[in-house]
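Welcome, and please have your viewer ready. We will go from one selection to the next and look at what is there.

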Amino acid sequence: MVEVTVTPRSSLADQLVQVKVRGLSPNQLITLCASLTDERGDGFQSQTFFRADGAGEVDPGHHAALGGSYTGVWPMGPFWFLQPNTLFRRLVKRDVAGSPFLVRLEVFDGLSMVTKPQEQPLATCEAERWYVGPGVQRVPIREGRVRGALFLPP
């Protein structure tokens with residue numbers, strides 16, 4: 001049975017996580033897709049091709065991507081190379097303290113830049129990417145024309 005995991009599943013947006021795919025056939029070609037929908041409803045995704053090692057595993061931190069959204073060894077590649085589904089959209093987090101970005105990871109058999117609606121992923125998981133740690137207080141700053149926010153640790 002194929003399994004994709006993100007460790008830790010819930011983390012700060014600037015924290016490194018480990019993505020692993022297990023249970024593949026040795027040397028199997030797969031497409032690893034990461035996707036999220038921002039607060040405005042705009043979609044972002046990355047699609048990257050990998051070849052499983054002899055143990056049937058893929059780890060973007062140790063195995064080079066063969067193509068797609070990026071090539072080479074990038075441990076955070078599925079997250080860092082997210083691109084907008086609609087041109088000229090930017091990934092912006094407005095509600096930094098209230099909710100995380102939910103990034104969905106899916107593994108598909110073979111190499112594919114376009115997934116068909118009827119195509120079922122081999123495995124899926126979801127990762128939470130928070131922008132503010134637990135207990136951090138956000139204080140709005142307004143002084144003359146200056147606008148900002150002060151984040152105070154617990």
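Start with Ile141, which counts as partly exposed because its relative accessibility is 32%; buried means under 20% relative accessible area, exposed over 50%, and partly exposed in between (1.4 Å probe, protein chains only). A note before moving on: this is a predicted model, in which local features need pLDDT of at least 70 and side-chain atom pairs count only at pLDDT 80 or more, while totals for chains, interfaces and linings use all residues. Residues are numbered from 1 along each chain as its sequence is written, and side-chain values use heavy atoms, with hydrogens and water left out.

Ile141 sits in strand 10 (residues 137–143); strands here are DSSP runs of E with at least two residues, numbered from the N terminus. Now add Val146, Leu150 and Leu152 to the selection: together with Ile141 they make a nonpolar surface patch with about 300 Å² of accessible area. Patch members have over 30% relative accessible area and no salt bridge, and nonpolar side chains (Val, Leu, Ile, Met, Phe, Trp, Tyr) are joined within 5 Å. A salt bridge is a side-chain nitrogen of Lys or Arg within 4 Å of a carboxyl oxygen of Asp or Glu, and areas come from the Shrake-Rupley method with a 1.4 Å probe. Strand 11 (residues 146–152) contributes the most to this patch, with three residues.

Next, go inside. The largest nonpolar core holds 27 residues, and Val4, Val6, Val21, Phe79 and Leu105 have the most contacts within it. Such a core is a set of buried Ala, Val, Leu, Ile, Met, Phe, Trp, Tyr and Cys residues joined through side-chain atoms within 4.5 Å. Among the elements giving two or more residues to this core are strand 1 (3–7), strand 3 (18–22) and strand 8 (101–109).

Centre on Val21: leaving out neighbours within four places in sequence, its contacts (heavy atoms within 4.5 Å) include Val4, Ile30, Leu32, Val58 and Val107.

Now select Cys33 and Cys125. How many disulfides are there? The count is zero, with a disulfide taken as a pair of cysteine sulfur atoms within 2.5 Å. The sulfur of Cys33 is 12 Å from its closest cysteine sulfur, in Cys125, which is too far for a bond. Cys33 is buried at 5% relative accessibility, and Cys125 is buried at 16%.

Finish at Ser11, in strand 2 (residues 10–12). Ser11 is buried, at 5% relative accessibility, and touches Val17, Glu128, Arg129 and Trp130, not counting residues up to four places away in sequence. For a last distance, draw a line from Ser11 to Asp53: they are 42 residues apart in sequence and 27 Å apart in space, C-alpha to C-alpha.

How values were computed. Helix = DSSP H or I, 4+ residues; strand = E, 2+ residues; numbered from the N terminus. Patch = residues over 30% accessible without salt bridge, like charges linked within 9 Å, V, L, I, M, F, W, Y side chains within 5 Å.
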